Amino acid sequence: MRNIGMNELKQDIIDYAAEIGIQKIGFASADPFLELKTRLEAAVKEAVLTGFEHPNIDERVYPERIFNEPRSIIAIALAYPSKMKNEPVSKKEARRGVFSRASWGTDYHTVLREKLALLEAFIEKRVPEARFKSMVDTGELSDVAVAERAGLGWRGKNTLLITPEFGSFVYLGETLTNLPLVPDKPMGDLCGDCNKCVEACPTGSLLGEGKMNPKICLSYLSQTKGFLDEKYRAVLHNRLYGCDTCQVVCPYNRGHDFHFHEAMEPNPELVKPELKPLLSISNKEFKEQFGPMAGSWRGKKPIQRNAIIVLARYKDKTAVPELIRCMKEDPRPVIRGTAAWALGKIGGREAELALREAYDDDAEVLTEITRAKNLIGVR
Ligand code: SF4
Ligand code: SF4
């Protein structure tokens with residue numbers, strides 16, 4: 001910190017960030033995030049936290065709780081693609097589901113951590129006493145709150161960060177540091193009168209004015225491992241992981257499709273996979289094929305449960321034998337029960353016969369079997 005001015009260093013960091021393919025970089029103070037505190041406390045009170053968040057509110061709000069003498073935060077944003085080339089078509093008898101865009105390509109946590117590590121090394125060379133704590137998504141700090149303060153964009157009514165240049169199709173990360181870098185100015189909220197995301201949300205998770213009930217967001221629900229409530233099965237549509245609706249409808253994303261990073265390019269067969277093969281995929285195969293994607297972090301169970309729900313939506317009769325096998329043989333109650341329900345939804349002679357003689361020791365599975373029998377009209 002002795003030999004180099006902070007303004008000069010800041011400019012060097014900005015130049016280097018551009019060189020290594022970081023689309024946006026900004027600088028924020030390390031002051032407490034008091035606005036976030038109010039929001040998080042309200043969420044605790046209303047019991048709408050999902051459990052995926054870092055559990056300690058004070059550590060999320062006060063940077064000094066997680067870092068010795070923090071002086072500033074460097075925020076970065078990397079733009080990701082919104083369209084895939086050679087998108088496979090979902091055909092009758094070979095129906096497909098989709099992973100949301102945040103799961104396209106290599107897990108973005110890995111890509112951003114690499115960029116942040118490069119930034120750290122670059123700064124350390126100039127200022128050996130510099131210290132850092134870098135985070136991507138799963139850290140204590142809120143990526144959106146940091147990025148907003150650092151002037152990268154504003155927090156839209158869909159609760160995501162929207163950048164004027166790349167819309168909300170950006171991954172965020174940050175590094176806390178002991179360097180007193182000059183902060184940038186936050187930009188204003190440009191949502192204005194628009195309410196498109198709130199109106200388009202299929203579950204009513206967006207409550208307006210940037211408020212949200214994440215517990216009923218399909219992005220969260222698609223990652224849960226238990227039974228999915230029937231009312232959410234009805235709106236899952238073809239989603240296997242995540243939900244992009246509140247991004248797709250946003251006017252600030254219109255026409256945006258950026259392909260800056262090879263690692264973020266989707267493999268169409270993996271991000272829009274055929275559903276039936278997913279039902280019998282082994283753990284090893286799942287790991288080999290889907291392991292590098294962000295959408296695999298919860299393992300194969302939620303993806304398989306969702307695949308069954310999507311097959312039910314398509315009323316895919318060619319899936320019936322595989323669903324019968326799942327209902328009878330799968331060791332996991334969620335898969336047996338959801339398969340039974342899907343058989344009730346799809347219907348037909350084969351499903352009817354299987355449901356007639358279906359029984360399960362697990363109470364929840366039995367409930368699903370009964371529900372399926374009612375759907376199909378058998379006792
Ligand atoms: Fe609603 Fe989907 Fe956005 Fe969640 S991700 S808030 S379900 S539109
Ligand atoms: Fe804001 Fe409209 Fe985009 Fe929602 S859809 S985030 S209200 S601009």
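Select Glu 93 to begin: at 52% relative accessibility, Glu 93 counts as exposed, because the cut-off for exposed is over 50%. This is a predicted model. Glu 93 is found in the loop between strand S2 (72-79) and S3. Check its backbone: phi is positive, about 75°, although Glu 93 is not a glycine. Most residues other than glycine have a negative phi.

**Another positive phi**

Go to His 237. His 237 also has a positive phi, about 60°, and is not a glycine. Its loop runs between helix H8 (230-233) and strand S10 (239-241). Is His 237 buried, exposed or partly exposed? At 38% relative accessibility, His 237 counts as partly exposed, because the value falls between the 20% and 50% cut-offs.

**The second largest pocket**

Now select Val 98, Phe 99, Arg 101, Asn 238 and Asp 244. Of the 18 residues that line the second largest pocket, these lie nearest its centre. Strand S3 (98-99) and helix H9 (245-248) are the elements that give two or more residues to this lining. The pocket has a volume of about 340 Å³. Colour the lining by class. How many residues fall into each class? There are six nonpolar, six polar and six charged residues.

**Ligand 1**

Show ligand 1 with its shell. Start with the cysteines around ligand 1: Cys 201, Cys 217, Cys 243 and Cys 246. Then add Pro 202, Thr 203, Ser 205, Leu 206, Met 212, Leu 218 and Thr 245, which also surround ligand 1. By class, the shell around ligand 1 has eight nonpolar and three polar residues. It has no charged residues.

**Ligand 2 and the largest cavity**

Move to ligand 2. Which cysteines surround ligand 2? They are Cys 191, Cys 194, Cys 197 and Cys 250. Add Gly 156, Lys 157, Asn 158 and Ile 162 to the view of the ligand 2 shell. Lys 196, Pro 251 and Tyr 252 are in that shell too. The shell around ligand 2 divides into seven nonpolar, two polar and two charged residues.

Hide ligand 2 and look at the space it takes. That space is the largest cavity. Rolling a probe the size of a water molecule over the atoms shows where empty space is left. A search of the whole structure finds one cavity of 30 Å³ or more. About 90 Å³ of space lies in the largest cavity.

Select the lining of the largest cavity. Cys 246 is one of the lining residues, and Cys 246 is also among the residues around ligand 1. Tyr 252 is another residue of the cavity lining. The lining divides into eight nonpolar, two polar and two charged residues.

**His 256**

From Tyr 252, step to His 256. The side chain of His 256 reaches the backbone oxygen of Tyr 252 at 3.3 Å. His 256 has its place in the loop between H9 and helix H10 (268-271). At 16% relative accessibility, His 256 counts as buried, because buried means under 20%.

**Ser 29**

Finish at Ser 29, in strand S1 (residues 24-29). Is Ser 29 buried or exposed? At 18% relative accessibility, Ser 29 counts as buried, because the value is under 20%. Show the side chain of Asp 31 as well. A polar contact of 3.2 Å joins the side chains of Ser 29 and Asp 31.

Terms used. Residues are numbered from 1 along each chain as its sequence is written. Chains are lettered from A and ligands numbered from 1 in the order in which they are written. This is a predicted model: local features need pLDDT of at least 70, side-chain atom pairs count only at pLDDT 80 or more; totals for chains, interfaces and linings use all residues. Side-chain values use heavy atoms; hydrogens and water are left out. A residue is near a molecule or strand if one of its heavy atoms lies within 4 Å of it. On a 1 Å grid over the protein atoms alone, a cavity is a set of points where a 1.4 Å probe fits but cannot get out, and a pocket is an open set with protein on both sides within 12 Å along at least five of seven lines; lining residues have an atom within 4 Å of a point. A molecule sits in a cavity or pocket if more than half of its atoms lie within 2 Å of its grid points. Ala, Val, Leu, Ile, Met, Phe, Trp, Tyr, Cys and Pro count as nonpolar, Asp, Glu, Lys and Arg as charged, and the others, Gly among them, as polar. Grid points are joined across faces, edges and corners, and a volume is the space filled by probe spheres set on the points. Helices (H or I, at least four residues) and strands (E, at least two) are DSSP runs, numbered from the N terminus. Buried means under 20% relative accessible area, exposed over 50%, partly exposed in between (1.4 Å probe, protein chains only). A polar contact is a pair of N or O atoms within 3.5 Å; within protein, one must be able to donate a hydrogen and the other to accept it, and residues adjacent in sequence count only if both atoms are side-chain atoms.
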